[in-house]
Amino acid sequence: MTHGQKKRTVLLPDGTALPAIGQGTWYMGINRSVRAEEVKALRNGIERGMTVIDTAEMYAEGGAEEVTGEAIADCRDDVFLVSKVYPHHADRKQMVTACENSLKRLGTDRLDLYLLHWRGRVPLEETVQALEQLREAGKIVRWGVSNLDTEDMQELWDIPAGQHCAVNQVLYHAASRGIENDLLPWLRERHVPVMAYCPLAQGGRLRTELLEHPVIRDIAGQRGVSTSQIALSWVIRDGDVLAIPKAVQLSHVAENAAAMDIVLTHEEVERLNGAFPAPEGKVPLDIV
Ligand code: NDP
């Protein structure tokens, strides 16, 4: 029995279909000596179908956007470009400049999706007004949020135009399943997909717990794929979560793109759910 469909896509509320695995850019653009490698990795990923690219004005203080800009210079229209605004730029005045600066670094005239990176002191209502202004001006095609838990989402939903939110980008992988308690069901009810960041648990203890777990190793071994690929295929298993792993090594890029073709069986999903149980009750949103 299979779970989900092959070559999965994730639907945005406006009907746009995106490939279920994209590319992250955090930590790119820091060191000029590896820039060519980073550009090459992103281009390779695009060629392999990972056309969603996630960046932010925060990453290397614009450096990651510059790397992205170089990677997409001759294929902008093939890419679904996501960037994020700092919370302290998320007011009506500063967001216009922040967005213009991101567009300049990215070498484009529009973002496909612009996210509030996390909630800061600016009232959500003002942030939404600023995002809507940018949308009406054609600088962004749509907007969303990141790191908003259920209460914040409810608040967003209740303000004018708050329901135009296209995604919520949050941390999600098998070893961190807190969102399944109430945030994910809340978003599902409203057809707002999740963009899963740190889908490979980035670094540290949880990464080892995730990628070296005997069950994930066993499933990967049986299929002749890597544990990272199993971790990614688990994240995208239900069709409404898009994973954005970051990879510079080309072998990683190739693996991540190929993970879009892995359809876990019902039994494999059950085994993984048993190995990585979701928390019983509400836990605060995990962040990095
Ligand atoms: P990831 O979970 O994507 O882990 C990235 C690490 O995994 C890198 O060291 C990379 O190595 C390695 N890797 C990638 N592919 C493989 C593979 N197939 N096998 C083994 N190792 C692999 O962490 P990130 O924190 O980068 O999260 C992904 C993206 O999400 C970010 O880049 C960013 O765009 C976004 N993000 C958003 C946040 C938010 O607040 N909204 C917060 C954090 C991340 P290498 O590069 O050497 O190939």
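In this predicted model, Ala56 is completely tucked away: its relative accessible area is 0%, so Ala56 counts as buried under the 20% cut-off. Ala56 sits in the loop that runs between strand 4 (52-54) and helix 2 (63-72). Leaving aside residues up to four places away in sequence, the contacts of Ala56 are Glu65, Ser83, Lys84 and His117. Tyr114 is 58 residues from Ala56 in sequence, yet the C-alpha to C-alpha separation is 9.0 Å.

One of those contacts, His117, deserves its own look. UniProt, in an unreviewed entry, puts a "binding site" feature at His117. Like Ala56, His117 is found in a loop, here between strand 6 (113-116) and helix 4 (124-136). With a relative accessibility of 7%, His117 falls under the 20% limit and therefore counts as buried too. Its contacts, again without residues up to four places away in sequence, are Ala56, Met58, Tyr59, Lys84, Val85, Pro87, Ser146 and Asn147. Lys84 thus turns up in the contact lists of both Ala56 and His117.

As for the sheet, strands 4 and 6 both belong to an open, eight-stranded arrangement in the order 3-4-5-6-7-8-9-10, paired in parallel. Strand 3 (23-24) and strand 10 (241-243) are the edge strands; each has a single partner strand, so one side of each has no neighbour in the sheet. At the strand 10 end, the pairing with strand 9 (residues 194-197) is parallel and runs over three bridges. Within that pairing, Met195 has Leu242 of strand 10 as its bridge partner.

Technical notes
Residues numbered from 1 in each chain as written. Predicted model: local features only at pLDDT ≥ 70, side-chain atom pairs only at ≥ 80, totals over all residues. Heavy atoms only, no water. Pairing = 2+ DSSP bridges. Helix = DSSP H or I, 4+ residues; strand = E, 2+ residues; numbered from the N terminus. Buried < 20%, exposed > 50% of the residue type's maximum accessible area, 1.4 Å probe, protein only. Contact = heavy atoms within 4.5 Å. UniProt positions renumbered as here; feature names shortened; annotations may be inferred.
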